[in-house]
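Let's go through this one as a round of "how do you know?" questions. Here are the sequence and the structure to look at.

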Amino acid sequence: QHFTGLSGGYLMGFPIAALLVGWAAQSIERYQALWSLLLMVVGHLVVVAPGLFWQQAVAPVELETTRILQSFLPGILIKSSAGSFVVALIARTLNKN
């Protein structure tokens, strides 16, 4: 039911985002906080894009896709910033040892 309901597109986008962001993160030679933040934002957008299209197909909403995406942006930016901060802390801790 989860894959056929409103959350189906988000669930399908998640492994795609994980593969894409994981591959990109491994190809970065030297860690930088900006790259981490950018990859996390891209990952969120890769999850959200199929989710929005799926949601519109399953339960059409009168709101425009851009307005729905704008409602997600604050959460995406906050979660990506927090994740980038945690990655920076972990990288700093690993480099000290």
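**Helices, burial and patches**

α1 has 20 residues and runs 30 Å from its first C-alpha to its last, close to the 28 Å expected at 1.5 Å a residue. This is a predicted model, where local features need pLDDT of at least 70, side-chain atom pairs count only at pLDDT 80 or more, and totals for chains, interfaces and linings use all residues. Residues are numbered from 1 along each chain as its sequence is written, and side-chain values use heavy atoms, with hydrogens and water left out.

Q: What makes a stretch a helix here, and how is its expected span worked out?
A: Helices are DSSP runs of H or I with at least four residues, numbered from the N terminus. The expected span is 1.5 Å times one less than the number of residues.

Q: How do you know that the span of α2 agrees with what is expected?
A: At 1.5 Å a residue, the 26 residues of α2 should span 38 Å, and the end C-alpha atoms of α2 are 38 Å apart, so the two agree.

Q: Why is G83 called buried or exposed?
A: Buried means under 20% relative accessible area, exposed means over 50%, and partly exposed is in between (1.4 Å probe, protein chains only). G83 has 18% relative accessibility, so G83 counts as buried. You'll find G83 in helix α3. The C-alpha atoms of G83 and E62 are 33 Å apart, with their positions 21 residues apart along the chain.

Q: And what about Q56: why is it called buried, exposed or partly exposed?
A: Q56 comes in at 23% relative accessibility, so Q56 counts as partly exposed. Q56 sits in helix α2. Q56 and A17 are 39 residues apart in sequence and 20 Å apart in space, C-alpha to C-alpha.

Q: What makes G22 buried, exposed or partly exposed?
A: The relative accessible area of G22 is 30%, so G22 is partly exposed. G22 belongs to helix α1.

Q: Which residues of α1 are buried, and what covers them?
A: In α1 the buried residues are G8, G9, Y10, G13, A17, V21 and A24. Their cover includes α2 and α3. Take A17: leaving aside neighbours within four places in sequence, A17 is in contact (heavy atoms within 4.5 Å) with G22, G43, V46 and V47.

Q: Which residues of α2 are buried, and what covers them?
A: S36, L39, V41, G43, V47, V48, G51 and L52 are buried in α2. What covers them includes α1 and α3.

Q: What makes a set of residues a nonpolar core, and which residues form the largest one?
A: A nonpolar core is a set of buried Ala, Val, Leu, Ile, Met, Phe, Trp, Tyr and Cys residues joined through side-chain atoms within 4.5 Å. The largest has eight residues: Y10, A17, V41, V47, V48, L52, I68 and I76. α1, α2 and α3 (65–96) each supply at least two residues of this core, and the largest share, four residues, comes from α2.

Q: How do you know that V42 is partly exposed?
A: The relative accessible area of V42 is 33%, so V42 is partly exposed. V42 lies in helix α2 and helps make a nonpolar surface patch of about 510 Å² together with L20, W23, W35 and L38.

Terms used. Patches are made of residues with over 30% relative accessible area and no salt bridge: like charges are joined within 9 Å, nonpolar side chains (Val, Leu, Ile, Met, Phe, Trp, Tyr) within 5 Å. Accessible areas come from the Shrake-Rupley method with a 1.4 Å probe; for residues, only the protein chains shown count as cover. A salt bridge is a side-chain nitrogen of Lys or Arg within 4 Å of a carboxyl oxygen of Asp or Glu.
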